Structures are given as C-alpha cells and as structure tokens.
Amino acid sequence: MNRLLRVPSLGLLAALVATAVPEMATAQRLRLVVGGPNFRPFPVAVPDVNSDATDKSLGRETAELTEALRLGIDLARSLEVVPPSTYLAPEKEPWNKPVFQNWVNIGASGLVRGLLEANGEGRKVTLHFYDAMAQRELVSRTYEPTAGKIRQAAYAFVDLIVETLTGETGVMSSRIAYVKRTRAGKAVFTCNVDGSDMQRLTDEDVLSLLPAWDPSGRYLLFTSYLRGNADLFRLDRSNNALEWLSKQRGLNTGAAVSPDGKRIALTLSMDGNTEIYAMDWDGGHLTRLTDSWGLDVSPSWSPDGKRIAFVSSRSGNPHIYIMDADGANVRRLTFQGNYNQEPDWSPRPDGQIAFTARDERLKFDIFAVHPETGAVTRLTQDEGNNESPSHSPDGHHLTFVSTRPPGPGRKLYVMDVDGSNQRRISHDGGEYETPAWGPRLGYK
Amino acid sequence: MSIGEGATTGLGKFVLLSIIVHSTLLVVVVFGAQLVHPRRAPPQTVMITKLVRLGVERPPEFLPRIPVAAPPPAPRPAPAVAPQSEPATDSHAPSAKERVAELSQVSNALERLKKQTPVDAEGHPEGVADGEVRSLAQAIAGQKFATEVVRCMKANYAIEGIEPSRVRDKSAQVLVRVAADGRIIHAELQRTSGLEAFDRAVDRAVARCGKVSPPPPELATDVERNGVEVVFQP
C-alpha cells in the first residue's frame, strides 16, 4: 500500500495536488493556475475637491469641478464612480495624504483627490490619482484654467486617468455636433460629451442639417439652405470661416470625411436620383460611386478608408450596403427589417456598423451589424424611438437621439456600444437631431 | 323433416356448443390471469410540471429583440412547521458531491502518475524522507490546500478597466509563500503580463486573499520556504 503511493519527491506531490491545471515547476514548486477573471470597470472614489477655505468665491467652481470629475469618470466605459454616499469622512484626512485603507474598505480601487486655488484672475487646479490598493500615486497634474473653463481641467485629468489605466486616450476632449430646432429653422450646435457648454455655430433662422466632422476636429461640414438650395458648407471652427463646398442642382447632403481627411463622400441628386459621390477635400475630382434605380444615401467610411457603408433602396426597402471606396464590390449587409438607415461605422478596426431600423412594431431603434458576418444585434428597445447613432472616437460609445420619456421631443443620449449605460445628456427640452461625435480635440 | 332441416339443426347445435366452450375458456383465461397476477395499482410518482405558453417563433426577416429577463420567482412561503435545525456547518465546507469529485481527481492523478513515472525515474528508488505521499489522506489534504488557494485567488481575481479582448493572450505569474497558519507572508510578481491593469488585478487577488487554510503539515515547510507559483490567465 505504502509502496504503491510512494513517489520520489515532494515536487511530484505538488503535481498531484494541484487543482486547476497541475504542472511540474522547474524548481519543483507547487504550481497552480487561476483563470476566469471578472471584468469590470475600475471603481474610483471622487470625494469633493478641496479649495482654499479663505476664498469663498471658489465654492461654486469647486462643486463644478467635483461634478465634472464624477461625470467624466462615469462616462468613461473603463471607469465607474464609487457612490459618494459610502465615503468614510474624507474631509478628516489631508487632501494630498489619503488614508488608503478607508477607500479600499468601501470598494474603491482608485482615488481622485484635488485642490482648487485662486491664481490671480485664473484658477489653479491640482489633481492626484491614486491606486488605493497599492497605496501609491499613479498620476498627478496641475492645470491653470481660466475662470469659467474649470471643467476642461477635470476632463483632461479624466482622459489622463483612462490613458494611465488602459493605454487608450479618453474621449472627454471631444465634442458632439448636432442639429437643434430653433424658432425659425434648425441650427448646428456643439456640446461637451456630458451635454454641457452648448454652442450654436450656424444661423438660427436658416435650415441647417446633418453635421459631420473632419478627422482633425477643426472643420464641420453640414447641409444648409443658406443660399436657397440644400448645399454643402464647410465651417472652419478656428476662425468661423464658411465655405460653400458643393452646390450641385438638387440635394448636396450627408457628407462624410474619409479617415485620412482627403476625400468627402456625399449624396447628390443632380441627375434626378440620389446617388453617392466622392470628391477631394477641396471639392475637386467628383466621382460617382453608386448607380442604381433606388435611393442611395448616408455614406459612412470604414476606419481604414477602404470601404463605405451606405443605405440603398435598390432591393425595394432601405437596407445597409457596403462597397469599396471606388464604388466596386457592392454587397448588401442587412436582410432583417424593412427600413434600415443612418449607418455609422465604428472607428475601431474590428468595429461594428451602428444603424437605425424600424422594427415590426413600427418603432425606430438602434442596431449594430458586423461588417463581415452580417450578424445584427439590437442596442435599444422599448423606450420610445431611438435614432441617428454616431460613434465616439474610441469606438466605445454611441450618441443618439431618443423620444423616450420624460418630456416630448427628441433628446440627446449617450450609451456604450453594447447598449449599456444609456444616459441623457441634454436637459433643456429642445428638439435634437442627427448627432455626430467628433474627434478628440485635446486641451489647450 | 327434410335432410336440409336436419343439417341446419345439427349445425346450429354445433355453433351453440362452440360459443359456450369459447366463452367458458375466455372467462377462465381472464379471471385465471387475475388470480395468478393480481392487478396492482400503477406507481404514484408525483411529477411537478409547469405549464408554459410556447411562443411563436420569431420570423427570420424580423429584426432581433433583446431578451427580457423573466421576473424573479416569488419567494416560497415558509413551511408551517420549522424543520429540525441541523448543526451549523461552514458554508465554504465542500459538499459530499465536491468531496467525491476531489477524491476522483486524486484517483485520476494517481493513475496518471503511475503511467507517467518511468520505472527508472531519477531520484532515490525509495523516495526521500520528506517527499512522500504515504497515504490517500495525505494526497487529499494537499489537494484540499491547492483547491483552497485557487478558490481564494479566483474569488478575488477581477480585471478592472480594460476590455476582455486586450488580455486574450496574456498571463502573469506570482510566487506566493504561505506560512504554516495559512497567512500569505510573501508575494512576488515573477512574470509580468505586460499590462498594468492585468498585473494590478493579480496583485489585488493575492492581497485580498490574505490568508488561506493552513497547508497540510507535509507541505507546510515547502510552501513557506519555496513558495507556490500561481499563474494567472484570462
């Protein structure tokens, strides 16, 4: 009995007892394998930012800075805010010498602490990000924003946190362009990704539609009836210069700039039927890409710039199609539903194409289709009409408009690309349309 | 009486006699069988069934819908008479089923070992004094310890802030030294995954584990001195 079980060394016993995948280590140590981790957002505690107690004027800005930090962290797909109601008296610890165990105890893996000070006419913001478990600082920055631009410091720091943790830059420096109904027309606006700082870019009394960004974020293209026809204009955001880019007879609409910024795909109806064309950045070399009896509209470039997704009704109903950038190899991508429109190709190399579709209940919702397999997944459901998806520059989020309650009209929303974390970012009751999530603009 | 009438009467008697005989035989067979094999009541097995409405299959040309989770079942009413309380048990203690599975694993490992270990393997033919599995109980104790370590690490193994696709081909290795009382007294990242978030998850899993069940006496010296290599993978 003994002899049967006798083995030559402790190492073999180690191999014998290992549970998951027992292996012999070279040093004859017990070797265990642990797999199947949970994946979850990085929980970050964001206590109130401290401020110079002698300067009462900083109170409102301190609250704004704290709110912006929490909003930014909450929006980042890789992060989540630990609920402030669980914090254990953060005011009792020095703002720059945290008692890490208190934060670990409430489930925080990360901690942001900050100080806002007056700096002459401007402000000085010092922010630290700690790994609470390892009890060490991961990154810190000091910003000197002008008064009223305090949120920019918070967004820049959130992007830095995301980059530190994931290696990918965050998207808080980007802006969302959209069309909003005005008293006498529709105008193009932009706002921060949390809905703050809304700025109108076009005339209030003119009908302007379908904004699209160039890859640098300097230019916005849009269709406007400024000269009586639906023409394509380009706005230089650096100096507000407006350029009349395409003024063909009929519609000049639905522009999309290629990822390298050199070509513009757009829809023209100068031949009587709407077709997709491409032209150079300066408007030259206009090339017709589609030629069908149906409507061909809404081009969207693939991230490598080699293909274009678009909508065509050539099969009888509008569906999503793909073609090469020169118009060759047209392939129908969607076969489900009978009213699919507004494709937006993710900037990620393996990304999806988000689109709007009307289901059998005659409700519009957001779906995504894989460009290779054609597999369709649903992202919104049973909450009003949801339309016009547009990907964030990192491909992790979508912005869209929704008629869901409360209140009438289309509101601006963002969500993660898998349909989770849907949240409203417009709060003024306006009527929003066709949002376009712009590129990262960086911080000045 | 004609010939025809006589034939008819004779045939009638024969038919009548035949009916009587067959009827008698039938009665004997039926009741006789009952007497020999008395009829038993069919088994009264209680089958709990749940009626569900089978939905109509979604036409393939329709767009997909997000499956809506069914509402959680209503809590069962408490029994009128409280069942006899059982002695308190450790909720983490393995169930009988788990113990059987562990025994089976050990048995399989022994079989593999017998097949894999060549007769002329290096080392002392009689083994060494402190390197033996002298009994199945000893092997089980080692197995239990290893299971405990893996279970504890796995329970605390969470990668935060990055996409699963980014760790697909990554792994990290930690050397852990465990004291005789089960405390993890030393942890050292031997091989980094190359990803900060992954390594942090490994550190956290080991740190949050903190203490495991004490190693069996036969392993205690080894796991404290040489340590245990723990490989973390996706």
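Let us start with helix α5(A), which has 17 residues and reaches 25 Å from its first C-alpha to its last, close to the 24 Å expected at 1.5 Å a residue. Keep in mind as you look at it that this is a predicted model. The helix is mostly covered, since 14 of its 17 residues count as buried. Just after α5(A) comes G167(A), and the phi of G167(A) is positive, near 85°.

What does this covered helix take part in? We can find out by turning to the nonpolar cores. In soluble globular proteins, nonpolar side chains tend to be buried together. Here the largest nonpolar core holds 57 residues, and the members that touch the most others are L69(A), I73(A), L79(A), V112(A), F129(A) and F157(A). Helix α5 (residues 150–166) of chain A gives the most to this core, with 11 residues. The core also draws on two domains of chain A: at least three residues come from each of domain 1 (10–166) and domain 2 (175–437).

To get a feeling for the packing, pick out L79(A). Leaving aside residues up to four places away in sequence, L79(A) touches P41(A), F42(A), V44(A), I73(A), D74(A), I161(A), V162(A) and L165(A). A second, separate core has 32 residues, among them F145(B), V149(B), V150(B) and V202(B).

Now for the sheets of chain A. One is an open sheet of 4 strands in the order β11-β10-β9-β32, with antiparallel pairing. At its edges stand β11 (199–200) and β32 (432–437) of chain A; each has a single partner strand, so one side of each is left without a neighbour in the sheet. Strand β10 (residues 186–192) of chain A pairs with β11(A) over 2 bridges, in the antiparallel sense. If you would like to find this pairing by residue, look at T190(A), whose bridge partner in β11(A) is Q199(A). Another residue to look up is C191(A), which is buried, with a relative accessible area of 0%.

There is another open sheet of 4 strands in chain A, in the order β20-β21-β22-β23, and its pairing is antiparallel too. Its edge strands are β20 (296–301) and β23 (331–332) of chain A, each pairing on one side only. Further in, strand β21 (residues 307–312) of chain A runs antiparallel to strand β22 (residues 319–324) of chain A, and 6 bridges join the two. One of the residues to follow here is V311(A), whose bridge partner in β22(A) is I320(A).

Let us move over to chain B. Its secondary structure comes to 5 helices and 4 strands, and along the sequence they follow the pattern α-α-α-β-β-β-α-α-β. Chain B has 234 residues, and buried ones make up 27% of them. Among its contacts between residues at least 6 apart in sequence, 74% join residues at least 24 apart.

Which cysteines of chain B form a disulfide? They are C152(B) and C209(B), with their sulfur atoms 1.9 Å apart. The count of disulfides over all chains comes to 1. This pair links distant parts of the chain, 57 residues apart: C152(B) lies in helix α3 (residues 136–155) of chain B, while C209(B) lies in helix α4 (residues 196–209) of chain B. Both C152(B) and C209(B) are buried.

Terms used:
Residues are numbered from 1 along each chain as its sequence is written. Chains are lettered from A and ligands numbered from 1 in the order in which they are written. This is a predicted model: local features need pLDDT of at least 70, side-chain atom pairs count only at pLDDT 80 or more; totals for chains, interfaces and linings use all residues. Side-chain values use heavy atoms; hydrogens and water are left out. Two strands pair if DSSP finds at least two bridges between them. A nonpolar core is a set of buried Ala, Val, Leu, Ile, Met, Phe, Trp, Tyr and Cys residues joined through side-chain atoms within 4.5 Å. Buried means under 20% relative accessible area, exposed over 50%, partly exposed in between (1.4 Å probe, protein chains only). Domain bounds come from an automatic or database domain assignment. Contact means heavy atoms within 4.5 Å. A disulfide is a pair of cysteine sulfur atoms within 2.5 Å. The expected span of a helix is 1.5 Å times one less than its number of residues.
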